[in-house]
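Work through the exercises below with the sequence and the model side by side, and try each task before reading its solution.

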Amino acid sequence: FQYNQLTSITIPNSVTTIEFNAFAGNPLTTVTIGSNVTSIGFNAFRNPTTGPQISTITIYATTPPIISSDTFRYPENITCYVPAGSGAAYQSAPYWSSMTIVEMD
């Protein structure tokens with residue numbers, strides 16, 4: 001593992017919390033988050049201000065994890081794929097609602 005080199009990451013279903021600054025500074029463009037994550041810390045996925053940004057998140061949690069306004073940089077540019085039937089929950093959840101929410105089939 002080299003810091004600042006990850007462009008894609010998959011968080012397994014066994015993880016329940018993603019800590020503060022966990023992947024900050026990496027040039028991530030895609031993130032997959034398992035079904036048991038309930039909270040994602042401040043700056044956990046903050047890309048550098050220049051360079052690649054996260055454009056796609058696929059999340060398998062039916063209940064939106066708790067996040068802050070600074071969990072992701074430029075959330076308005078992110079398309080977030082969520083489980084079928086959970087789109088309304090994400091669209092009304094704090095900070096997830098600034099993303100484009102798409103239900104998976």
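The exercises that follow concern a predicted model, and they go from the whole chain to strand pairing and then to backbone angles.

**Exercise 1.** Determine in what order the elements of the chain run from the N terminus on, and find out how its radius of gyration relates to the globule rule.

*Solution.* Begin with the inventory, which comprises one helix and seven strands. Read from the N terminus on, these elements follow the order β-β-β-β-β-β-α-β. The radius of gyration of the chain is 12 Å, close to the 13 Å that the globule rule gives for 105 residues, so the chain is as compact as a globular protein of that length. The C-alpha trace spans about 35 × 30 × 25 Å along its principal axes. Next, turn to burial and contacts: buried residues make up 43% of the 105 residues, and of the contacts with a separation of 6 or more, 41% are between residues 24 or more positions apart. Finally, the accessible surface comes to about 5,400 Å², with 52% of it belonging to carbon and sulfur atoms.

**Exercise 2.** Trace the pairing of strand S3 (residues 30-33) with S1 and with strand S5, and assign the residues of S3 to its covered and uncovered faces.

*Solution.* Take the pairing with S1 as the starting point: S1 and S3 pair in the parallel sense over four bridges. Within this pairing, Ser8 has Thr30 as its bridge partner, while Ile11 stands opposite Ile33. Then consider S5 (residues 56-59), which runs parallel to S3 and is joined to it by four bridges; here Thr32 stands opposite Thr58. Now sort the side chains by face. In S1 (residues 8-11), Ile9 and Ile11 form the covered face, whereas Ser8 and Thr10 form the uncovered one. In S3, Val31 and Ile33 lie on the covered face, and Thr30 and Thr32 on the uncovered face.

**Exercise 3.** For Asn43, establish in which loop the residue lies and whether it is buried or exposed; then place Tyr74 in its loop and classify its accessibility.

*Solution.* First recall the general expectation: most residues other than glycine have a negative phi. Asn43, although not a glycine, has a positive phi of about 65 degrees, and it lies in the loop between strand S4 (39-40) and S5. Its relative accessible area is 17%; buried means under 20%, so Asn43 is buried. Tyr74, likewise not a glycine, has a positive phi of about 60 degrees and is found in the loop between S5 and strand S6 (79-82). At 32% relative accessibility, Tyr74 counts as partly exposed.

Key. Residues numbered from 1 in each chain as written. Predicted model: local features only at pLDDT ≥ 70, side-chain atom pairs only at ≥ 80, totals over all residues. Heavy atoms only, no water. Buried < 20%, exposed > 50% of the residue type's maximum accessible area, 1.4 Å probe, protein only. Helix = DSSP H or I, 4+ residues; strand = E, 2+ residues; numbered from the N terminus. Pairing = 2+ DSSP bridges. Rg over C-alpha atoms; globule rule 2.2 N^0.38 Å. Contact = heavy atoms within 4.5 Å. Areas by Shrake-Rupley, 256 points an atom, 1.4 Å probe, with all protein chains shown as cover.
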